[in-house]
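User: Hi! I'm new to this one and would love a friendly walk through it. Could you show it to me?

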Amino acid sequence: MNIYLIKNNIKLMCRSWFNILLFIIMPVVLVFCLSSAFDSLMKKYEETDITAGYRVEGDAVTEDMIEAMCEVAEDNDITLIEYPSGDPEKLIRDNELSGFIIFNDDTYTIYEDKDNKELGKALEYFVNAFYENATAAAMGVEVNSAKVTVEHPDFTPAIDSKDYYGIVEIIYFGWCAIVAGAGIFLNEKKYKIRKRFRVADVSPFQEYLGKFIPIAIVASLGTIIAAVLTVSLLGVHWGNIPLSVAIVVASVLAATAFELMIYNITDNLIATIIISFAIVWVMGFYGGSFETYMFSSHPMTLKNISPIYHINRALTEISCMGHSDYMSSAFGYSGLIIVVSSLISVIAGTIRKRGKV
Amino acid sequence: MSIILKTNDLTKKYGNKVVVDNLNIEIEEGEIFGLLGPNGAGKSTTMNMICDIIEPTLGNVEFMGKDFKKNRKELIDKLGYIPQDLAIHGNLKAWENVELFTSLYGIKGAELKKRIDESLEYVGLIEKRNDYAKTFSGGMKRRLNIACAIGHHPELLIFDEPTVGIDPQSRNFILDKIKESNKNGATVIYTSHYMEEVEAICTRIAIMDNGKLIAIGTSEELKKMVVEDTESITLEEVFLTLTGKKLRDY
């Protein structure tokens, strides 16, 4: 690995004002515009107070327990109102309830409002947590049964437009990584600098690393600086910072490898940018870069094919829940893209080594 | 004098078009060998094959008695190539350009720093080491282009039209440096369209046309191919007599 080649390529990229504009300024401006534009749309998904009805139908459910549950619920902005009779679904409709719970001896049934499923899920989570803690307390295990925290359920993380677009647009711009190297590619072609590499017998792998590492470093840095700016200027919340940074870097590395592969195959910057951006746009379209993916009507199969979907979903869930089941697939997809694209790049470079500079 | 470079039936074809046709030349150690030819004669293709930038269709290049392609790793730092294009980065400073291209030969650390200063000093750009290449004049860029190719101390220097588009002072400086390199022991292959330059510095000259070697010898020997009285003819007239006056790039 030639550190001087890497170092000087980094200098070349950092001296380009266009890179600063693309990776730092544009994402911040776009995040600001999109989060403002979609603020009202996203507000309905924000956390709201929950009012639910309940009825006790089992003899084993004690009054003390219901009383305790109502108190804990109150602490968590959940109001439980008793309705001794009536059809639960009708009661939900008529009284604008978020849900209805029927307690039996050792089971309970929760009716959810079809239009506010996320509130029903929150209610379900609360009751579950209460029962678990109550059981633990009965078994003599010390628990904080008096404080049950209602978290946003997994299936529909509540996130505001600022956080959502603050995350997905940063990722989208990170997928434009190849542009960071545009100046180098143009210069190398225009002035036939690659002749010097050929004469010095620089291997295709070395040449690949000489581009991959600098582009990945510059694009990652630009993306992280843009993210820091969105945090400080717009108050975007990323959740677990080290984990989010790791996913962002993995994403930029994957983008760099993927787009370098296209460049090594086409050997043409314009074609690379057109092809890369078209593919990235499609991945972004199904990955939630242009709309709220969790409510979109796109088929799940298409969403799952898009690496950007896994990355966006992992990051937005980390932002609002602190964890995500999509973390492993985000890393897995990125790793796979890096390995496969790098291999193809080196093979294409080896094939192209002779006869064309 | 021993042979430093030899081409054996070197041929390059693109489809049915023969660009270089069975070229056999021998270059002796310590000489300045001029390669002349009109546009499209095959000079650059020959240079590219000598430097192993492109693959010959037939034939091979022997460098220091060994097949160059097969012994590339061993011989690579003995060859310096100064391309016709200004193969430098405008957004890098002069010393950074030299660092980048000298490091390709595995030179690093303190030795690399020493070579950078040495190369810039050699081409008269040491005072401008911290200036961006894009701010340089045409002549300075040409000199930097040379500095980027000599840092690894090659024994054979290949200059591909190094004086194109520069003022007489810069041209004179570059020619003096080529002669100085030669005096210091480097063998030089030099291509140019400027006949007086070739005549002034080259010990032997080859003329190519349509991919073939049509004449080779000292300036005097080439002149004698055309007329007996060598005083009455210039190298340019010899060149035009041998290659014809018809335009090549129309």
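Analyst: Happy to. One thing to keep in mind is that this is a predicted model. A good place to begin is chain A, where the C-alpha centres of domain 1 and domain 2 lie 46 Å apart.

User: Which residues go into domain 1 and domain 2 of chain A?

Analyst: The domain assignment gives domain 1 as 3–42 + 160–352, and domain 2 as 50–138.

User: And how many helices and strands does chain A have?

Analyst: Chain A has 15 helices and four strands.

User: What percentage of chain A is buried?

Analyst: Of the 357 residues in chain A, 41% are buried. As for contacts, take those in chain A between residues at least 6 apart in sequence: 75% of them join residues at least 24 apart.

User: Can you give me one residue as an example?

Analyst: Sure, let's take A:T223. This residue lies in helix α10 of chain A, which covers residues 204–234.

User: Is A:T223 buried or exposed, and why?

Analyst: A:T223 is buried, because 26 other C-beta atoms lie within 10 Å, and 20 or more is enough to count as buried.

User: What does A:T223 touch?

Analyst: Leaving out residues up to four places away in sequence, A:T223 touches A:F23, A:I170, A:F173, A:G174, A:V248 and A:V252. There is also A:L22 to look at: A:L22 and A:T223 are 201 residues apart along the chain, and their C-alpha atoms are separated by 9.5 Å.

User: Let's switch to helix pairs. How do α14(A) and α15(A) cross?

Analyst: Helix α14 of chain A (residues 307–321) and helix α15 of chain A (residues 327–352) have axes that come within 8 Å and cross at roughly 140°. The angle is why α14(A) counts as oblique to α15(A). The crossing of these two helices, α14(A) and α15(A), is left-handed.

User: Which residues meet there, between α14(A) and α15(A)?

Analyst: From α14(A) come A:P307, A:H310, A:I311 and A:A314, and they meet A:M327, A:S329, A:A330, A:Y333, A:S334 and A:I337 of α15(A). Sorted by class, this contact of α14(A) with α15(A) has seven nonpolar residues, three polar ones and no charged ones.

User: Now the two chains. How many residues does each of chain A and chain B bring to the contact?

Analyst: Chain B brings 23 residues and chain A brings 22.

User: Which element gives the most on the side of chain B that touches chain A?

Analyst: That's α3(B), with five residues. The elements of chain B giving two or more residues to that side are β7 (79–82) and α3 (94–103). By class, the side of chain B that touches chain A has 15 nonpolar, three polar and five charged residues.

User: What about α1(A) and α3(B), how do their axes cross?

Analyst: Helix α1 of chain A spans residues 3–14, and its axis comes within 9 Å of the axis of α3(B), crossing at roughly 145°. The crossing of α1(A) and α3(B) is left-handed. The residues making the contact are A:Y4, A:L5, A:N8 and A:K11 of α1(A), with B:E96, B:E99, B:L100 and B:S103 of α3(B). In that contact of α1(A) with α3(B), three residues are nonpolar, two are polar and three are charged.

User: Anything unusual in the backbone of chain B?

Analyst: Some background helps here: most residues other than glycine have a negative phi. In B:N22, phi is near 45°, a positive value in a residue other than glycine. B:N22 sits in strand β2 of chain B, residues 17–23, and B:N22 counts as partly exposed because it has 15 C-beta neighbours inside 10 Å.

User: And what is phi at B:H153?

Analyst: Phi of B:H153 is near 55°, again positive in a residue other than glycine. B:H153 is in the loop between α5 (138–150) and β8 (156–160) of chain B. With 17 other C-beta atoms within 10 Å, B:H153 is partly exposed.

User: Last one: where is B:I3, and what does B:I3 touch?

Analyst: B:I3 lies in strand β1 of chain B, residues 3–14. Not counting residues up to four places away in sequence, B:I3 touches B:E26, B:I27 and B:E28. B:I3 is partly exposed, with 13 C-beta neighbours inside 10 Å. From B:I3 to B:E228 is 225 residues in sequence and 30 Å in space, C-alpha to C-alpha.

Definitions and conventions: Residues numbered from 1 in each chain as written. Chains lettered and ligands numbered in written order. Predicted model: local features only at pLDDT ≥ 70, side-chain atom pairs only at ≥ 80, totals over all residues. Axes fitted to C-alpha atoms, helices over the stretch in contact; angles between N-to-C directions. Parallel < 35°, antiparallel > 145°, perpendicular 65-115°, else oblique. Left-handed = near helix turned anticlockwise from the far one by under 90°. Contact = placed C-beta atoms within 7 Å. Nonpolar A, V, L, I, M, F, W, Y, C, P; charged D, E, K, R; others polar. Buried ≥ 20, exposed ≤ 12 C-beta atoms within 10 Å, placed from the backbone. Domains from an automatic or database assignment.
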